[in-house]
Amino acid sequence: MDGIISLLGLVSLCLEGVDPQGVYAPPSVRIVHSGHACNVEEERYSERVYTIREGETLELTCLVTGHPRPQIRWTKTAGSASDRFQDSSVFNETLHIAQIQRHQGGRYYCKAENGLGSPAIKSIRVDVYYLDPPIVTVHQSIGEAKEQFYYERTVFLRCVANSNPPVRYSWHRGREVLSQGSDKGVEIYEPFFTQLQGETKILKLKNLRPKDYANYSCVASVRNVCGIPDTSVIFTLTNKTASPAIKLLVEDPIVVNPGQTVALVCITTAGEPPPTLTWTSGGGAALPQKSQVKDGTLTLRDISSDEAGLYSCVASNNVGNPAKKSTTIIVRALKKGRFWITPDPYHNDDNIQIGREVKISCQVEATPPEELVFGWLKNGRTLRSSERMVITQTDPDVSPGTTNLDIIDLKFTDFGTYTCVASLKHGGIPEISIDVNISSTTVPPSLAVPRGRSPLVAREGDTVDLECVVTGKPKPILLWTRADREAPMPDGSAQMESYDGVLRVANVSREMSGQYRCQTSQYNGFNVKPREAVVELIVQYPPTVEPTYMEIRQGLGRAVSMSCRVLRAHPSRVLRYEWRLGSKPLQSGHFDTRDETEYSIRALAQENYGEYVCEIVNEAGAGRCVFNVTAKAYAPEFYYDTYSPIWQNRPRVYGFKLQWTQMNPDAVDRIVAYRLGIRQTGQQRWWEQEIPVEAPIRKGELLTYNLTELIRPEAYEVRLTPITHFGEGDSTVRIVTYSAPINPHLREFHCSFEEEPICLFTQDKNDDFDWTRHSAATRDTKYTPNTGPSGDRTGSKQGFYMYIETSRPRKMGDRARLVSPIFNVAPKSPYGLSNPPAYCFSFYYHMYGKHIGTLNAFLKQKGQSASADSPVWTLTGNQGDRWRQAKVSIHPTASFQVAFEGVRGPGIEGDIAIDDVILEEGECPNTPPTPEESKAPASDVHIWLLVITMAMTLLRGQR
């Protein structure tokens, strides 16, 4: 008998692992919410809208199915933007935003992909609700109205509050509620929308009366959505109410020296209520970090040129328009002094010669430019303008801050050192002096590239010096640019300066190859046609090859071929290649016209496994292709879509159905076993065992191993490693967690009544008595002999189930109803349910005793009532001392509940029990005959006949 039962178990095990189609499936995705939602519209044109109050916690979870396990990515677009993914992403199942702000509202997408089919994408729109305190402003006229109002004693009070959803306003004068028509002197404009201020409401007081001078309160309300309370503001209107006016007690502009302390004083001259003074910098920018504001005075200590600019004092009291006065601070400065020499323009000669004209120009940047003063010295003595020494100042619009010294009819006695001195009229700033030597040795520049310095050959990563030799006196600055194409210089700029003719470039790259132009600058030198030369840089680099790394998995005796290809190299002539296994040389040679080399193994042996390196070498170095040839098995892929993985659920321990597939099982030798490692999360020690595999594994085949005696509610880390004759393969790790089945989403609903909340089932208040949760270990059988189960559906005496107790005072015909939570039916199209979805409703029942009454199962849909005359399933009478399963397909068209009704029979031996209630998507497979098809009580004879038949079949096969 034990052998026959073992045979049945073996048949069950084999069937579970074999599926010719495999379990690989593209991803599907659903978004569920938690956190602090105010309201969730489950479906609206296939998109849910999640409403939350500002400052609360948003938590959205992306529930995915599909195998292999899909990768999940959260992205966001603004509510008004197009549905395109942005760069900011969260790679996690749960999107958690604490203290959400209004700008974080919008459309959130969950994208899941696993390489099979198209990615699955679902979205949910998050609407953040908020209400800011209102602001009341007072005006004599209102431009947003349809017409202009100009009454000397007419006042408009405007109330504005930022909110979502749109705000509603109400006005009060003192304790009096103001409404349109309640007072002839009051008009209330209904809300209208402006782009900048949103919805607003205006109170118009016509021809002010004494009673109009009062306290006005504006109450803003969003009708308590999300629990947001109303907010209000009070404005006191008096006969002294006036818009602000201010005065600056400073000059405009203010010119100061760097390092000084500047105090800008701003005072109010009118305004009721008293205005608030604020200071801004530039176009409303923030003030300098070290500035101080006190009682309307802005103090800037140790001022610098960076802090120069426009400063504005703004006064506001919400009456009329704000008052604004501005002043400009100018910080004196001198910088960037430079010179150039211009030979006689009337002669086609760049040299300075006796008897000809020469001009020396000097330029300085000055702030303020009108204070700039130039002076000239010759050999340290003051030089004044004369007929032969003409000192001029260039038109500021042509060349600001420039002075010129024209020497007419140059003589030998004019040779010497000329000094240009720049200063500011009011002092406080160090002057700038520029020396220019005019002599027989003052000659224009010449430029050349030293012999052997072009073309310049370097290797990638080297530091090189590009060199141009410049002669002449004075020696000018050299400007370096790219000559062959429009590309930035190595530092990223358009040009670079060099004072000694050498441009140093560190860590050169192949992109820096090309021609570089060196050119004389007119500054600090001769104002003549620029001299230039070109230097060519050639950067050599080792071959770039592919693949740089590849892993090849093959079993013993199989063929392997590896190919290494050259993509680019400089010089392009490749010298040689060499193949190695570790440090062992295999083959080498030279390239001819090919750009790749190949190495093959006809039949892999144990010694052929390892790391193969193909090295391709040119003058600049080597490129390497690396191939890791191994017989390690690929990692297993855990299956996360197991229906009801908690298969053992006892008070202290639970069991978990661990399922997986094997990635590419035919890539290497046959897997003979798996090493299972398990440890409690947070612990260091692993418990390990081997799971033998008797037959070859097929791609997509679902393997199952039951973990038992796991401690509730602890989580465990599970590691699975495939083993072949070669050794261990790659491991996969997952976390196993215990979760009580309390009203999960519908496709995974499974209730075994192990937890006290009983999966949110409730007792019907209109029945005669209640169902009772019990286990066989605690149930009192004093009044109910020969009836009821001796354990739960799994046979455990610690397991729980629901039953009706039919002992006194119950009487025949009394009914007890147990009602499930509400399940939502999501339409597949936004236009409703044209084809209602199917669900398989199954449960186990136990009906043992000579007084057994009736067990009914009902489907109750939204807007309908469950009728006692039309159950979806019913059964009456004694069915034997065993648990049986019932299955029935249901097709709800709206949100629904399922209900169990137990009806008491004629006596006390009539306890009825139920356990393991399951709702699955889809029609019921292999639906057993309905109770109506066989009214005779069930008998164990049928089971014994099945066992005997299978045993006889096995014995015949062995013979």
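This note comments on side-chain interactions and backbone features in a predicted model.

1. Aromatic pairs. The structure holds 20 aromatic pairs. One of them is formed by W579 and F627, whose rings are stacked, with 5.8 Å from centre to centre and 25° between the planes. W579 belongs to strand β47 (residues 576–581) and F627 to strand β51 (residues 621–630), so this pair ties together parts that lie 48 residues apart in sequence. Both W579 and F627 are buried. An edge-to-face arrangement is found for Y801 and Y803, with 6.3 Å between centres and 65° between the planes. Y801 and Y803 are likewise both buried.

2. Aromatic cluster. F841, F843, Y845, W873 and F900 together make up one aromatic cluster.

3. Charges over rings. Two arginine residues may be noted here. The charged end of R102 sits over the ring of Y130, at 3.7 Å from the ring centre. R338 lies over the face of Y523, and in this case the distance to the ring centre is 3.9 Å.

4. The surroundings of D344. This residue is located in the loop between β27 (333–343) and β28 (358–367). Which side chain of opposite charge is nearest to D344? It is R356, 5.4 Å away, and D344 is buried without a salt bridge. The separation lies outside the criterion for a salt bridge, because a side-chain nitrogen of Lys or Arg must be within 4 Å of a carboxyl oxygen of Asp or Glu. Polar partners of D344 are nevertheless present: its side chain reaches the backbone nitrogen of Y346 at 2.9 Å, and a polar contact of 3.2 Å joins the side chains of D344 and H347. When residues up to four places away in sequence are not counted, D344 touches D349, R356 and E357.

5. Cis peptide bonds. N164 and P165 are joined by a cis peptide bond with omega of about 10°. P165 is placed in the loop between β12 (163–164) and β13 (168–173). The peptide bond from H570 to P571 is also cis, with omega near 0°. P571 lies in the loop between β46 (560–570) and β47.

6. Positive phi values. N507, a residue other than glycine, has a positive phi near 55°. The position of N507 is in the loop between β41 (502–505) and β42 (514–520), and N507 is exposed, with a relative accessible area of 53%. Phi of E709 is also positive, near 55°, again in a residue other than glycine. E709 lies in strand β57 (residues 703–711) and counts as partly exposed at 45% relative accessibility.

7. The surroundings of S316. S316 is part of strand β25 (residues 309–316) and is partly exposed, at 28% relative accessibility. The C-alpha atoms of S316 and S243 are separated by 7.9 Å, while the two residues are 73 residues apart along the chain. Apart from neighbours within four places in sequence, S316 is in contact with P244, P275, T276 and P322.

8. Salt bridges between strands. A search of the whole structure finds 38 salt bridges. In one of them, the side chains of D465 and R504 meet at 2.7 Å, N to O. This pair links distant parts of the chain, with D465 in strand β37 (residues 464–467) and R504 in strand β41, 39 residues apart. D465 is partly exposed, with a relative accessible area of 22%, whereas R504 counts as exposed at 59% relative accessibility. A further salt bridge joins R517 and E532, the closest N and O atoms being 3.6 Å apart. R517 lies in strand β42 and E532 in strand β44 (residues 532–546), so the pair ties together parts that are 15 residues apart in sequence. R517 is partly exposed, with a relative accessible area of 22%, and E532 is partly exposed, with a value of 47%.

9. A salt bridge with a buried arginine, and a network. R553 forms a salt bridge with E551, in which the closest N and O atoms are 2.9 Å apart. Are R553 and E551 buried or partly exposed? R553 is buried, with a relative accessible area of 8%, whereas E551 is partly exposed, with a relative accessible area of 35%. Elsewhere, R173, E176, D183, R209, K211 and D212 are joined into one network by salt bridges that share partners.

Note on methods. Residues are numbered from 1 along each chain as its sequence is written. This is a predicted model: local features need pLDDT of at least 70, side-chain atom pairs count only at pLDDT 80 or more; totals for chains, interfaces and linings use all residues. Side-chain values use heavy atoms; hydrogens and water are left out. Rings of Phe, Tyr and Trp (its six-membered ring) pair if their centres lie within 6.5 Å; planes under 30 degrees apart count as stacked, over 60 as edge-to-face and the rest as tilted. Helices (H or I, at least four residues) and strands (E, at least two) are DSSP runs, numbered from the N terminus. Buried means under 20% relative accessible area, exposed over 50%, partly exposed in between (1.4 Å probe, protein chains only). A charge sits over a ring if NZ of Lys or CZ of Arg is within 6 Å of the ring centre and within 35 degrees of the ring normal. Lys and Arg count as positive and Asp and Glu as negative; His and the chain ends are not counted. A polar contact is a pair of N or O atoms within 3.5 Å; within protein, one must be able to donate a hydrogen and the other to accept it, and residues adjacent in sequence count only if both atoms are side-chain atoms. Contact means heavy atoms within 4.5 Å.
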